[in-house]
Amino acid sequence: VIAMETGTVDDLEELKKRSETGDGNAIFQLGYRYYSLADYAEALKQFARAAEMGSYQALYQLAVMHYDGLGVEQNPAKGVEIMRKIASNTSKRAQHLVPSAQYHIGKAYLEGHGVKQSDSAAFEWLTTAARDGDPD
């Protein structure tokens, strides 16, 4: 889940320049800007670049985009697979995303979207998310 201002066109151009130098934060922010402008195909490209550089937030966004079919053909199973990578990650840089990923996996099991529906698996994932700090 991301919260950032959309900025101006000049900011977009500056982000493009910074992203060309390999600035991972700029690449993520550029992806977010495209996402906020509903240019999902370009957002997907930038998030993929940032994820390759180790951005867990970008990886999370990729999971959401695959799950919902934003900028890419909808593939809930792939979205859940990516969420699992986040949910099982022990990196300190990923820890703020772990409960949310757990919640989304639980919700997928509850709805049978991307995984076989399972009330027991949903309960386990949702309970774990609650224990680990997801407010939902």
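Q: Buried means under 20% relative accessible area; with that cut-off in hand, which residues of helix H2 are buried?
A: Happy to start there, with the note that this is a predicted model. The buried residues of H2 are Ala-26, Ile-27, Phe-28, Gln-29, Leu-30, Gly-31, Tyr-32, Arg-33 and Tyr-34.

Q: How do you know that the length of H2 agrees with what its 13 residues should span?
A: The expected span is 1.5 Å times one less than the number of residues. For H2 that gives 18 Å, and the end C-alpha atoms are 18 Å apart, so the two values agree.

Q: What is found at the start of H2, and which residue follows H2?
A: At the start, a side-chain oxygen of Asp-23 comes within 3.0 Å of the backbone nitrogen of Asn-25. After H2 comes Ala-38, which has a positive phi, near 65°.

Q: How many aromatic pairs are there?
A: Two rings pair if their centres lie within 6.5 Å, and the count by this rule is 3. One of them is formed by Phe-28 and Phe-47, with 5.4 Å from centre to centre and 40° between the planes.

Q: Why is the pair of Phe-28 and Phe-47 called tilted?
A: Planes under 30 degrees apart would be stacked and those over 60 edge-to-face, with the rest tilted. The 40° of this pair falls in the remaining class, hence tilted. Phe-28 belongs to helix H2 (residues 24-36) and Phe-47 to helix H3 (residues 40-52), so the pair ties together parts 19 residues apart in sequence. Both Phe-28 and Phe-47 are buried.

Q: What makes the pair of Tyr-35 and Tyr-40 stacked, tilted or edge-to-face?
A: Their ring centres are 5.4 Å apart with planes at 70°, so this pair is edge-to-face, the class for planes over 60 degrees apart. Tyr-35 and Tyr-40 also join Phe-28 and Phe-47 in one aromatic cluster.

Q: Why does Tyr-40 count as partly exposed?
A: Partly exposed lies between the buried limit of 20% and the exposed limit of 50%. Tyr-40 is at 27% relative accessibility, so partly exposed is the right label.

Q: How do you know whether Ala-50 and Met-53 are buried, partly exposed or exposed?
A: Ala-50, in helix H3, has a relative accessible area of 1%, so it is buried. Met-53, in the loop between H3 and H4, has 45% and is therefore partly exposed. In space, the C-alpha atoms of Met-53 and Gly-24 are separated by 6.5 Å, with their positions 29 residues apart along the chain.

Q: Why is Ser-118 called buried, and what joins its side chain to that of Ser-120?
A: Ser-118 sits in the loop between H6 and helix H7 (119-132). Its relative accessible area is 19%, and the limit for buried is under 20%, so Ser-118 qualifies. A polar contact of 3.2 Å joins the two side chains, within the 3.5 Å limit.

Q: What lines the largest pocket, and which element gives the most?
A: The largest pocket has a volume of about 160 Å³. Its lining includes Tyr-67, Val-80, His-104 and Glu-111. Helix H4 (56-68), helix H5 (76-87) and helix H6 (98-111) are the elements that each give two or more residues. H6 gives the most, with 5 residues.

Q: How many lining residues of the largest pocket are nonpolar, polar and charged?
A: There are 7 nonpolar, 2 polar and 3 charged residues.

Key
Residues numbered from 1 in each chain as written. Predicted model: local features only at pLDDT ≥ 70, side-chain atom pairs only at ≥ 80, totals over all residues. Heavy atoms only, no water. 1 Å grid on protein atoms, 1.4 Å probe; cavity = no way out; pocket = protein on both sides within 12 Å on 5 of 7 lines; lining within 4 Å. Points joined across faces, edges and corners; volume = space filled by probe spheres on them. Helix = DSSP H or I, 4+ residues; strand = E, 2+ residues; numbered from the N terminus. Nonpolar A, V, L, I, M, F, W, Y, C, P; charged D, E, K, R; others polar. Buried < 20%, exposed > 50% of the residue type's maximum accessible area, 1.4 Å probe, protein only. Polar contact = N/O pair within 3.5 Å; in protein donor to acceptor, adjacent residues only side chain to side chain. Phe/Tyr/Trp six-rings, centres within 6.5 Å; stacked < 30°, edge-to-face > 60°.
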